[in-house]
2 protein chains.
Amino acid sequence: MVTSEAGSGAGGTGAGLLADVGEDAVVATLLERFAALGPAAGEPDDVLVGPGDDAAVLRVRRGHAVVSTDLLVEDRHFRRDWCSATDVGHRAAAQNLSDINAMGGRAHSLTLGLALPSDLPLAWVREFADGFATEAARVGARVVGGDVTGGDQVVVAVTVLGTVAKAPVLRSGARPGDVVALCGRQGWAAGGLAVLGRGFRSPRVLVEAYRRPEPPYAAGPAAAEAGATALVDVSDGLLSDAGHVAQASGVRIDLRTADLEVAEPLHAVGSALGADPLRFVLTGGDDHPLLGTFPAGATLPEGWRAVGAVHELRVDDTSAVTVDGEVPEGDLGWRHF
Amino acid sequence: MVTSEAGSGAGGTGAGLLADVGEDAVVATLLERFAALGPAAGEPDDVLVGPGDDAAVLRVRRGHAVVSTDLLVEDRHFRRDWCSATDVGHRAAAQNLSDINAMGGRAHSLTLGLALPSDLPLAWVREFADGFATEAARVGARVVGGDVTGGDQVVVAVTVLGTVAKAPVLRSGARPGDVVALCGRQGWAAGGLAVLGRGFRSPRVLVEAYRRPEPPYAAGPAAAEAGATALVDVSDGLLSDAGHVAQASGVRIDLRTADLEVAEPLHAVGSALGADPLRFVLTGGDDHPLLGTFPAGATLPEGWRAVGAVHELRVDDTSAVTVDGEVPEGDLGWRHF
């Protein structure tokens, strides 16, 4: 499969291992791919100095900057035998871009830190860069800086910078009487992960959803425009992240199962694995839809659907999140340790 | 040593392992320490939303933002038996803050991503946070966001944001005729590392220099003010980083050994280990002094000393960096893979 002429640095087929090709080839491979990224259509180019100096330099305009950081760790957040390098690149960018979406903002810049085992093929780096760049291009974000180093496992550390048009939409603004709404796929990635965990590769649409989330990047700014009172990126699980909004806002959020969309393939997986498909929707992470709250009577932007309501949190409430009025049972989402 | 009452979350003595205390206790431990950080004296508080939402929100003023990312990986950049958690915290902050210094800028915000093994004691996290916060406080930088996750080894991913008063000082501005100058300790950390590598713990001043670099944070803005034409953070080694400036500027940099300060303890270590102490100064990393170029005749700011000169790069030059006019031999610095 791999010819002996391969591995000749950034221009080769990438069969060489990082230990052989060295850091310069890794950096060149990344920069080559990222150089093609530009600002979103109609946006000015605010990157004055990109990668290569001690720091990147951005032109900033008066206003609000939003910044967020996320890590992806091999064998925790992805397995190299379950996800291609391109998938991991997409995912690493998506989960960070989604955080800016969840502020009602638009991302413009990314930094990328990579810890890479020395026995990793350079081709993995190139494919990762492809996925990362393709995802960044979806919102017009640039890669302005980074760091590459060795490590025992792949760790991808991304920081994203963005702007909000007016005020950012926080988790803490939900008020009793607000409508709770969701935009984007939810539960698909968890279904795909369950399938992969049993050694299967289908339904393919769920496996693909796990490998490459498709956050609804236009939904955050649209929600902000429509008067959303709170927004959160659903990364840990619907119940878990609804709980983050409820706690930050001092309210109770009730989700109505009748209004939660359980995608057809999830029913199939549920039957095959003997699991309740609704469980994927309630507790699954990694899809990165947005959960928002809107004033009663607000017109929800396109793609959003009402899935619950915000209530006052009473002294005798034992949970800030309820499902059809009941306290949910069991584990609510992702545990990091 | 460790009592059974310990490990009771963020308020305990921290004897609990992360697997036992869980993610919330880790985050609480970090936030508790970082909450005390404020802006530098006389500076406005521009952090509108700190950690806890999907992203932090900063008030930005019209001008230039500088941003940089660095990773610290256990067993590559530090060993837990050679450096305390507090040391690692200091180092992780210092190496990033130094990048802003090297743009002639001032850092105001940091994000912190941590991959942590589940058998790490919570006390390690608390001590790390102490070091990180203490170093950040030296320049008035805040921790505005982060991410905590599991991992096989400790990985610290830091992104730093800052501002420059006027224009940033890049690596590419050195011109033939400029004076090359250095500010800060150089070679000390390499001496300390050499000592630790032989199983010794002294000279203590060098070991401490390795564990906790002391970048000259005021030197970058002062150099910018004095008209520096190029600046670089010396993290990989003096020859290596001088090479970065020379290559970016298209010049040759000549260093004069007679003007390079070889600290007394380095002579002692050189004698003991049979090494040339000058080698620590020329190739050692991790001290984070600044190397700068200034127009001939410029008054160097306090703490800077002239150590060389910038020359035209001629067609027959085989190296962009020379030492006393000669091409240096051997490995020039740090290899990442």
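## Exercises on a two-chain model

Strand 4, strand 5 and strand 6 of chain B have helix 3 (residues 122-139) of chain B lying across them, and this helix runs at about 170 degrees to strand 4 of chain B. Helices (H or I, at least four residues) and strands (E, at least two) are DSSP runs, numbered from the N terminus. Angles run from 0 to 180 degrees between N-to-C directions, and axes are lines fitted to C-alpha atoms, for helices over the stretch in contact. Contact means heavy atoms within 4.5 Å.

The model is predicted: local features need pLDDT of at least 70, side-chain atom pairs count only at pLDDT 80 or more, and totals for chains, interfaces and linings use all residues. Residues are numbered from 1 along each chain as its sequence is written, chains are lettered from A and ligands numbered from 1 in the order in which they are written, and side-chain values use heavy atoms, with hydrogens and water left out.

**Exercise 1. Find the pLDDT average of chain A and the residues where pLDDT stays under 50.**

Step 1. pLDDT is the predictor's confidence in each residue, from 0 to 100. Chain A averages 91, and 93% of its residues score at least 70.

Step 2. Residues 1-14 of chain A stay under 50; the model has 25 contacts beyond four places in sequence for them. Where pLDDT is low, the predicted coordinates should not be read in detail.

**Exercise 2. What turn and what shift lay chain A on chain B?**

Step 1. Superpose the copies by least squares on the C-alpha atoms of residues with pLDDT of at least 70 in both. A turn of 180 degrees with a shift of 0.0 Å along the axis lays chain A on chain B, at an RMSD of 0.0 Å.

Step 2. This relation is that of a two-fold axis.

Step 3. A:Arg62 is the residue of chain A that comes closest to the rotation axis, its C-alpha at 2.4 Å. Both copies use the same surface, since 100% of the contact residues of chain A recur in chain B.

**Exercise 3. Describe the sheet that holds strands of both chains.**

Step 1. Two strands pair if DSSP finds at least two bridges between them. Strands of a sheet pair through backbone hydrogen bonds, either parallel or antiparallel.

Step 2. The order of this open, six-stranded sheet is 1(A)-2(A)-3(B)-6(B)-4(B)-5(B), and the pairing is mixed. Strand 1 (47-49) of chain A and strand 5 (142-150) of chain B are at the edges with a single partner strand each, so one side of each has no neighbour in the sheet. From one strand to the next, the twist averages 25 degrees.

Step 3. Inside chain B, strand 4 (residues 105-116) and strand 6 (residues 155-164) run antiparallel and are joined by ten bridges. Opposite B:Ser109 stands B:Leu161 in strand 6 of chain B.

**Exercise 4. In what order do the six strands of the open sheet in chain A stand, and which helices pack on the sheet?**

Step 1. The order is 8-10-7-11-9-12, with mixed pairing. The edges are strand 8 (230-233) and strand 12 (321-323) of chain A; each has a single partner strand, so one side of each lacks a neighbour in the sheet. The twist averages 25 degrees between one strand and the next.

Step 2. Strand 9 (residues 251-255) of chain A runs parallel to strand 12 of chain A, and three bridges join them. A:Asp254 has A:Thr322 in strand 12 of chain A as its bridge partner.

Step 3. Helix 2 (residues 85-101) of chain A packs on the sheet and touches strand 8 and strand 10 (290-294) of chain A, with a direction at about 175 degrees to that of strand 8 of chain A. Helix 7 (residues 238-249) of chain A also packs on the sheet, touching strand 7 (179-183), strand 8, strand 9, strand 10 and strand 12 of chain A; its direction makes about 150 degrees with that of strand 9 of chain A.

**Exercise 5. At what angle do helix 4 and helix 5 of chain A cross, and where is A:Pro203 found?**

Step 1. The axes of helix 4 (residues 188-197) and helix 5 (residues 204-211) of chain A come within 7 Å and cross at roughly 105 degrees. Helix 4 of chain A is therefore roughly perpendicular to helix 5 of chain A. Angles under 35 degrees count as roughly parallel, over 145 as roughly antiparallel, 65 to 115 as roughly perpendicular and the rest as oblique.

Step 2. The contact residues include A:Trp188 and A:Leu193 in helix 4 of chain A, and A:Val205 and A:Tyr210 in helix 5 of chain A. The residues of this contact are ten nonpolar, two polar and one charged. Ala, Val, Leu, Ile, Met, Phe, Trp, Tyr, Cys and Pro count as nonpolar, Asp, Glu, Lys and Arg as charged, and the others, Gly among them, as polar.

Step 3. A:Pro203 is in the loop between helix 4 and helix 5 of chain A. The peptide bond from A:Ser202 to A:Pro203 is cis, with omega near 5 degrees.
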